[in-house]
Amino acid sequence: MTDLGHLLSSVEENVERAHTGSVVPAGVLDGARSTVRRRRTVRHARDGALSVVALVAVGGVVTWGLQPGPTSTGVATTSGPTTSGPTPEATPAPTSAGEQLSLGAPVPAATPREVPIADLLTSTGPGWSLAIVSQVRLDAPAVMRPGDMRDVVTLVSPSGERTALLDVGERTMLYLAAWRPGSTTAVASVAVGDGAFQSGLIDLLDGTLTPLPFEWEHHPLGLTATGESAWLDVPMPADVREAVEADPGHASPVAPGALVALDPDPSFGPPATSGPTGRLRLVAPDGVVRDGGDVTLPLRLHPLSPDGEWLVGQGSDQGLVGVDLRTGEQHPVADAPDDPACRLVGWADDHAVLTACPAAAGAWHLDAVDVAGDGGATRLATSDVPVRDAWPLGDGRVGLGRVVMPAPCDVTSDPAVLADGTVRSLTDGWSPHDHGTSLSFTGGAVWTHVNGCYPGSGRADPQRDVRVDLATGETTTLAWLDDRRDAAHVVVDEDVWLVTQVTLTHGR
């Protein structure tokens, strides 16, 4: 989403110049396009619905005007780890035999910094995360040169402090899909130059990725309680295979992760009723893979449970199926809603999904539905608006997003907390024109990209990445996706790098 947003931000600035009679500098749009190409990584594909939203927003870009930004908020600092804690132990993998995969040759993806990476990573605990920080040189010209942009893999403490670990390769696109605190590897996808994505485990000590041998479309689902990485392996359709055999450049699969938690989009025909179908592959770090059988992903929901023990699939009857990732056993989920108007909007606890079903007067009933056994459904609250991106906070509360924007921006949300039957907004200190997109809850805070979607009318405030403290509501600006260099719109690393984006990967 924010790749196109970066292009739009340049267009937005030049629209204002046109309104005031200023001359648009030659090459500015080419520079913006270059920036987009450099930063078009697969990590944005997981917000697939937002990419459609961005296309809709293009039609309204001529109505955009630069508006005064909100009051300047705190700026993140950079330092080493300040806290540590016990890292959850992985449950031993089942003893059932698996197939030994033939792993690919390591692919150089990033160069390590001169910091004690191993010590830093192994000292982490709950609440720590990784992030890819995108940067542009403060003195970069409108048409970007080699070396004017870079991505940096950083370690993020529970309080939001960042420590740079690796520099991503100049022509490399890297997506960190999953990481567990204490580990020196992460689930990742990488493309070098104009090549196709390869996925597997990246060694955070030396920056190399060992690819798994996926033939076609594949989607990382996260790390399980057994220490395996979970993948949906989608086979190449027969008609596509024939076309590719005749012309190898005829087709390519969608980016890894693009169809996970997919929002149905009526813009391109009838809305989807389910996500993709494929084989569930559970891959151990040494390349031994277990076959979890055929699985159809549900819409809107990241299917791996917070405790890493369960996967939620969609049955042939449109009901939910719980898959025990330790044993491979599958069972129907009791009391899952069967009304097609109901939605899966996230997770309410370690193994209960949060569902939202329409109620009277535009309200929505929010229920926790147990996927592990016969716990059934429990009413948690009633919301005045739709919700999404729910995640348990570990203390009985649930972080979630309130959907307050009209279509096509109804796939975005503003951060809130559900506690004691009440949904409380966390945006009281925001401008009324600021709105979140997808939300990530970790380390006592919620991270989101603000103003990533524009509905085509009204005011559009600047795009930026923020961290909101769940206890105080304090909002810290982490990055500004903006071409201006005034003090209110700049976060600087190492004195010379303008931070334009921070993409978080939960430590779970």
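Select helix α5 and turn first to the side where Ala238, Glu242, Glu245 and Ala246 are exposed. Here exposed means over 50% relative accessible area, buried under 20%, and partly exposed in between, with a 1.4 Å probe and protein chains only. The model is a predicted one, in which local features need pLDDT of at least 70 and side-chain atom pairs count only at pLDDT 80 or more, while totals for chains, interfaces and linings use all residues. Residues are numbered from 1 along each chain as its sequence is written, and side-chain values use heavy atoms, with hydrogens and water left out.

**Helix α5**

The helix covers residues 238-246, and its buried members include Val240, Ala243 and Val244. Viewed down the axis of α5, the buried residues fall within an arc of 100 degrees, so they line one face of the helix. That arc is taken from the directions that lead from the helix axis to the C-beta atoms. Helices (H or I, at least four residues) and strands (E, at least two) are DSSP runs, numbered from the N terminus.

**The β16–β17 hairpin**

Next, select residues 310-314, strand β16, where five of five residues are buried. In a regular strand the side chains alternate between the two faces of the sheet. In β16 both faces are covered: Trp310, Val312 and Gln314 are buried on one side, and Leu311 and Gly313 are buried on the other.

Extend the selection to strand β17, residues 320-324, which runs antiparallel to β16 and is joined to it by five bridges. Two strands are taken as paired if DSSP finds at least two bridges between them. To locate the pairing, pick Gln314, whose bridge partner in β17 is Leu320. The two strands form a hairpin with five residues between them, and Gln318 in the turn has a positive phi of about 75 degrees.

**Salt bridges**

A salt bridge is a side-chain nitrogen of Lys or Arg within 4 Å of a carboxyl oxygen of Asp or Glu; by this rule the count comes to 19.

Select Asp294 and Arg279, whose side chains meet in a salt bridge at 2.9 Å, N to O. Asp294 lies in strand β15 (residues 288-296) and Arg279 in strand β14 (residues 277-283), so the pair ties together parts 15 residues apart in sequence. Asp294 counts as exposed at 52% relative accessibility, and Arg279 as partly exposed at 27%.

Move on to Asp367 and Arg379, which form a salt bridge of 2.4 Å, N to O. With Asp367 in strand β21 (residues 364-370) and Arg379 in strand β22 (residues 377-383), this pair ties together parts that are 12 residues apart in sequence. Asp367 is buried at 12% relative accessibility, whereas Arg379 is partly exposed at 46%.

Then show Arg464 and Asp434, a salt bridge with the closest N and O atoms 2.5 Å apart. This pair links distant parts of the chain, 30 residues apart: Arg464 is in strand β29 (residues 463-469), and Asp434 is in the loop between β26 (422-425) and β27 (439-442). Both Arg464 and Asp434 are buried. Finally, display Asp233, Arg279, Arg281, Asp291 and Asp294 together, since salt bridges that share partners join these five residues into one network.

**His506**

The last stop is His506, in the segment after β32 (497-505). At 15% relative accessibility, His506 counts as buried. Its side chain makes polar contacts (N or O atoms within 3.5 Å; within protein, one must be able to donate a hydrogen and the other to accept it, and residues adjacent in sequence count only if both atoms are side-chain atoms). One joins the side chains of His506 and Ser440 at 3.1 Å, and another reaches the side chain of Arg508 at 2.5 Å. Not counting residues up to four places away in sequence, His506 touches Ser129, Trp179, Ser440, Phe441 and Thr442, contact meaning heavy atoms within 4.5 Å.
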